[in-house]
Amino acid sequence: MAGVSTNMTTQRNPAFFNFAGGDGQVTVAEKKASMAGVAQRGTAGITTGRDRCKRGKACGATCIAGNEDCIIDFPEPVQAQLQKMAQFVLDRRTKEGRVVEAGSEEDIELGRAIGGVGRHLTQEGKYQRGSGKYKKETEEKSFGTTQFGLQRMLGNKEIDGLKANRDRIVGSEDDAALRKAWQRDTQSRGVRLSRKDLENLYDSLDMAAQQQLNGTGSPPSGQYYGGKDKAGKEVTNAKSANKERGLAVLDLYLRQGGTDAYQIGSTRVFSPADLDIEHVKPMQAKRGSGQGGKDEPDNWVLARAGAQRTRSDQFFKDFIDNLPDTKDKAAMAEYYSSDRKKAQATRAMARLSGDIYNNREKYTDEEFLKMVKLQKPPAKKSGEITVNPIAKKVFRNEKGEQDGFFVGATLKDPTGTSRSGMVPQPAGWAKAYLLARKNESSPTEAAALRAQIRDFWQNQWLGGQISTQQMVNQISNVYQNQLSPTAWNLVKGEVASAGQSLVNKYPNVGSAASPTAKSTGSKDVEAAIDDLLKSL
């Protein structure tokens with residue numbers, strides 16, 4: 001593998017990026033000329049002795065000068081980004097008085113790290129710089145993903161790989177020795193950088209890419225890994241994504257060499273966006289298994305994102321044992337058929353939701369509620385609600401893009417335990433919101449409605465200004481004012497029931513004001529005036 005050092009004798013660009021053209025980049029013309037030579041000689045893919053390069057390839061392509069890297073490994077659009085990263089790291093090292101010696105193991109290790117990360121910066125990401133009215137959204141490089149990386153269904157090789165290594169994975173949720181053995185195996189595939197070099201490499205990335213690393217895995221709000229404190233203790237209760245967490249993810253990615261931890265012995269390299277943090281012991285405790293795991297490197301491996309999300313918080317035994325036998329054609333056909341049916345259902349749902357939205361004025365409120373209905377929650381999720389898939393796709397935002405039903409209508413979690421830090425509105429309120437959205441004359445009305453609800457919930461109630469009962473009364477009044485008498489009669493019973501459930505569930509949240517106090521009643525105002533006069 002090539003190094004990252006600067007060749008001081010010829011004053012060329014970093015050796016890792018010395019292409020035959022001498023300018024540090026490979027142009028489209030250079031690549032075409034190189035491959036034309038391959039075609040002319042007929043040596044593409046030949047593994048005999050002729051036209052073999054130092055790397056062992058027989059393609060005859062132009063190579064990076066004096067090294068073993070092949071230009072066809074790096075798409076032309078990422079050449080400038082790779083060179084920028086390499087120069088950044090070298091400049092930092094020079095300022096720190098740690099000049100890299102050309103050809104050294106350190107040189108090669110840095111080259112592998114930069115190449116392994118930089119070649120995946122193929123996607124234009126967005127990052128908002130500045131503050132206040134000076135905020136400016138800029139296009140920056142972020143990590144691209146592939147269709148396979150996010151594919152939920154596992155392929156034959158993946159299934160066979162998991163089953164073959166079942167005994168090395170199953171039980172690692174609670175067996176620390178088993179988990180560490182798994183981590184040692186996966187983390188021996190790549191490179192390990194010093195803390196300083198890791199920071200330099202991280203800092204060489206665009207902010208959009210850094211943010212991707214920081215938020216990988218998305219644990220519940222308030223439970224993010226935050227590095228180590230001054231005493232060297234792991235911080236596992238950071239409020240949100242942060243640099244220390246991003247550094248830890250980058251370190252893990254480099255140690256695993258970009259490979260999938262589910263596939264022990266695998267050499268396939270993924271983009272960081274194709275991998276997700278697998279919390280070996282799920283953060284959400286399940287089936288009486290005691291306390292959930294923490295968001296910390298000791299509980300992490302990186303796995304292909306789609307497969308990891310399929311596992312979710314299952315025990316590995318259930319996850320692996322429920323996968324079909326790849327030699328059983330009928331079982332595999334059923335496995336893949338179920339995925340196709342889900343995809344078809346999703347497309348059909350999108351078409352149906354579009355029709356409902358575009359023709360909503362033709363339906364009565366009662367008809368609309370029946371078509372876009374709220375489902376009752378499973379028993380194991382007491383107090384939560386799930387939404388019919390149609391409702392998730394019905395509405396559009398101000399730009400005409402699909403606006404998920406609860407986008408902007410979710411509220412801050414009073415307990416701080418939900419993964420996103422937000423919770424959906426109670427079912428009764430959600431129905432009232434649904435009807436308000438149906439009859440709105442413009443999307444800005446929906447935004448104003450959400451602002452009102454959030455103000456009472458998040459600012460006044462959770463801010464300690466009003467009691468739970470007062471918050472419930474205020475929000476009930478908002479919905480009643482938004483709806484016609486006919487529409488209100490359809491949902492008022494469920495709105496009241498939802499409010500009472502909140503009063504029962506959160507009696508000690510909000511202010512210490514009397515739960516039955518009402519701020520708008522005239523008798524209360526008169527009594528307050530009398531009290532004031534008596535005190536003068």
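## Starting at leucine 205

A good place to enter this predicted model is leucine 205. Setting aside residues up to four places away in sequence, Leu205 touches Met85, Val117, Leu121, Phe143, Gln210 and Leu213.

## Two nonpolar cores

Leu205 is also one of the residues with the most contacts inside the largest nonpolar core, along with Val117, Leu201, Leu250 and Leu254. That core has 33 residues. At least two of its residues come from each of helices H2 (79–95), H3 (105–118), H8 (195–203), H9 (207–214) and H10 (243–256), and from each of strands S3 (275–279) and S4 (300–304). H10 gives the largest share, with seven residues.

Another core lies apart from this one and has 30 residues, including Ile356, Trp457, Tyr479 and Trp488. In soluble globular proteins, nonpolar side chains tend to be buried together.

## Helix H18

Helix H18 covers residues 468–482, 15 residues in total. From first C-alpha to last it reaches 21 Å, close to the 21 Å expected at 1.5 Å a residue. Its buried residues include Thr468, Gln469, Gln470, Met471 and Val472. Further along H18, Ile475, Ser476, Val478 and Tyr479 are buried too.

## Helix H19

How far apart are the end C-alpha atoms of helix H19? They are 29 Å apart, which agrees with the 30 Å that its 21 residues (485–505) should span at 1.5 Å a residue. Along the way, H19 bends by about 50 degrees at valine 491.

Val491 is itself buried, and so are Ala487, Trp488, Val495, Ala498, Gly499, Leu502 and Val503 of H19. Of these, Trp488 belongs to the core of 30 residues.

Notes. Residues numbered from 1 in each chain as written. Predicted model: local features only at pLDDT ≥ 70, side-chain atom pairs only at ≥ 80, totals over all residues. Heavy atoms only, no water. Core = buried A, V, L, I, M, F, W, Y, C linked by side-chain atoms within 4.5 Å. Buried < 20%, exposed > 50% of the residue type's maximum accessible area, 1.4 Å probe, protein only. Helix = DSSP H or I, 4+ residues; strand = E, 2+ residues; numbered from the N terminus. Contact = heavy atoms within 4.5 Å. Expected span 1.5 Å × (residues − 1). Bend = angle between axes of the 7 residues up to and from the residue.
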